[in-house]
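Morning, everyone. Let's take a quick tour of one structure. Please look at the screen.

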Amino acid sequence: MSFLDENFLLQTKTAQRLYHEHAKGMPIIDYHCHLSPEAIATDRKFDNLTQIWLEGDHYKWRAMRTNGIPERYCTGGADDYAKFEKWAQTVPYTVRNPLYHWTHMELKRPFGVEKILKPETAQEIYSTCTEMLQSDEYSVRGILRQMNVEVICTTDDPIDSLEHHQKIKADNFGIQVLPAFRCDKILAIEDQEVFLPYLQKLEEASGVSISNFQELLDALKQRHDFFHEQGCRLSDHGLNTMYAVDYTDEEIKNIFQKALQKQTLTDEEALKFKSAMLVHMALLDHSKNWTQQFHLGALRNNNTRMLRELGPDTGFDSIGDFGVAEPLSRFLDKLDNSDQLAKTILYNLNPSHNELFATMIGNFNDGSTPGKIQFGSAWWFLDQKDGMEKQMNALSNMGLLSRFVGMLTDSRSFLSYPRHEYFRRILCNLIGNDVENGELPASEMDWLGHLVENISYHNAKSYFGF
């Protein structure tokens, strides 16, 4: 077996059969990503490989910084080829980091480049891929077609006009691109320099004047309704942990008024407001049969100097160790108690919590929908072979892997779709090894193949109902 051959990551004959006969050809439903709707709407053609590959990619930036590459080659003003050269210098040092796999998988698909990226091959690979990017087949839409993508859900703020989604829909280019409702900024009540200007933008977008808490809810409902009209069927929240403390309606009204009057809030008041907002947004999701997603466990913006210089989402986040079990249980139970718990996907960033999440979902699956409460795929720092295996093993041991809705890219790059292939190979290898170890019956290969197809595609298609 050689690096990145057709049986890459497939350690047994059974794994190879499951992948090639059942997983490989399944379309992709990418139900959570950070791709640019504008780039899809305009069918952007990237000028060179650096633009499509390194723009916004904090995974690569972290590796380059660790390799001693100055910031001007990551987020700074160095020219595009100079940035690519520094990335090519870094790639050999990423051995055993998932970036080494992803880099070469993304060169192989869609570009067909099978050479190892290193300083000696940098110029040839850059020139070859840059030339290909000028053709229609390698525009944004062309790449999506090549990768067999069927549905994309982007990540959009409630104040977004969704004009790019409307253009995409009008063009009807064959791939469904839908918005997802990401309302994190409305929770940041403790940061009034961010919160109050955001309220003004929400007023403008919704046409609702916001002078009290009820009007805030009215404005958010207006935007939620608008997103639904544009095809949105998912919300998303990026939280360090779940917020689920007790509060009264009167308390929340008063806390919001204090914020409007620029009065300093206590930590307890901010936590109560966040808890209330999550419940209100969850009720909206339930009312429209949306799926709510919660990405939990990131400790963000650790480096305050670099936050000042570069802003957020630039590669200075890490895994957190927040208490999650009790608030998560309280939040889900509050909604379930009134039978208003929407379909929910919980993503965990701390691998020590895998079993916690895998058991938590079983508390609130009620038989109404297969896999109603999901333990979402391994994400961010866990989006690699070891992380995926641990997540699927925890789900298998304590839930039903067979009802899992599978992989997503969670990426800003249009070259990230081989991550679905990566996931599918790892899934098939897990099951294939079990068969050859005698832990699953070889006589049930038809069923196991069906299961692989479901996890790769059919479960998500049925679950979301796009």
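We start at Thr130, which sits in helix H7. Keep in mind that this is a predicted model. Is Thr130 buried or exposed? Buried means under 20% relative accessible area. Thr130 has 14%, so it counts as buried.

What does Thr130 touch? Leaving out residues up to four places away in sequence, it touches Asp47, Asn48 and Leu49. One of these has a polar link too. A polar atom of the Thr130 side chain lies 3.2 Å from the backbone nitrogen of Leu49.

Hold on to Leu49. It turns up again in the largest nonpolar core, among the residues with the most contacts inside it. That core has 158 residues. Ile152, Ile186, Leu216, Phe273, Met277 and Phe331 are also on that list. Here is the general background: in soluble globular proteins, nonpolar side chains tend to be buried together.

Take Ile152 from that list. Not counting residues up to four places away in sequence, its contacts include Cys33, Leu35, Ile40 and Leu144. Asp30, Gln176 and Tyr417 are among them as well.

Next, helix H5, residues 80-90. Its buried residues include Tyr81, Phe84 and Trp87. Which helices do the buried residues of H5 pack against? They pack against H3, H4, H6 and H7. So we are back at H7, the helix that holds Thr130. At the N-terminal end of H5, Asp79 acts as a cap. One of its side-chain oxygens lies 3.1 Å from the backbone nitrogen of Tyr81.

Now the empty space. The largest pocket holds about 1400 Å³. Forty residues line it, and Arg182, Asp184, Gly238, Arg300 and Asp313 lie nearest its centre. Which element gives the most to that lining? Helix H10, with four residues. By class, the lining has 16 nonpolar, eight polar and 16 charged residues.

The second largest pocket holds about 310 Å³. Its lining has 19 residues, with Tyr19, Lys24, Arg109, Glu421 and Arg425 nearest the centre. H1, H6 and H18 each give two or more residues to it. The largest share, four residues, comes from H18.

Last, the cavities. There are four of 30 Å³ or more. The largest has a volume of about 130 Å³. Of its 14 lining residues, Asp57, Tyr59, Ser411, Arg412 and Arg419 are the closest to its centre. H4 and H6 each give two or more residues to that lining. By class, it has three nonpolar, five polar and six charged residues.

That's the tour. Thanks for listening.

Notes: Residues are numbered from 1 along each chain as its sequence is written. This is a predicted model: local features need pLDDT of at least 70, side-chain atom pairs count only at pLDDT 80 or more; totals for chains, interfaces and linings use all residues. Side-chain values use heavy atoms; hydrogens and water are left out. Buried means under 20% relative accessible area, exposed over 50%, partly exposed in between (1.4 Å probe, protein chains only). Contact means heavy atoms within 4.5 Å. A polar contact is a pair of N or O atoms within 3.5 Å; within protein, one must be able to donate a hydrogen and the other to accept it, and residues adjacent in sequence count only if both atoms are side-chain atoms. On a 1 Å grid over the protein atoms alone, a cavity is a set of points where a 1.4 Å probe fits but cannot get out, and a pocket is an open set with protein on both sides within 12 Å along at least five of seven lines; lining residues have an atom within 4 Å of a point. Grid points are joined across faces, edges and corners, and a volume is the space filled by probe spheres set on the points. Ala, Val, Leu, Ile, Met, Phe, Trp, Tyr, Cys and Pro count as nonpolar, Asp, Glu, Lys and Arg as charged, and the others, Gly among them, as polar. A nonpolar core is a set of buried Ala, Val, Leu, Ile, Met, Phe, Trp, Tyr and Cys residues joined through side-chain atoms within 4.5 Å.
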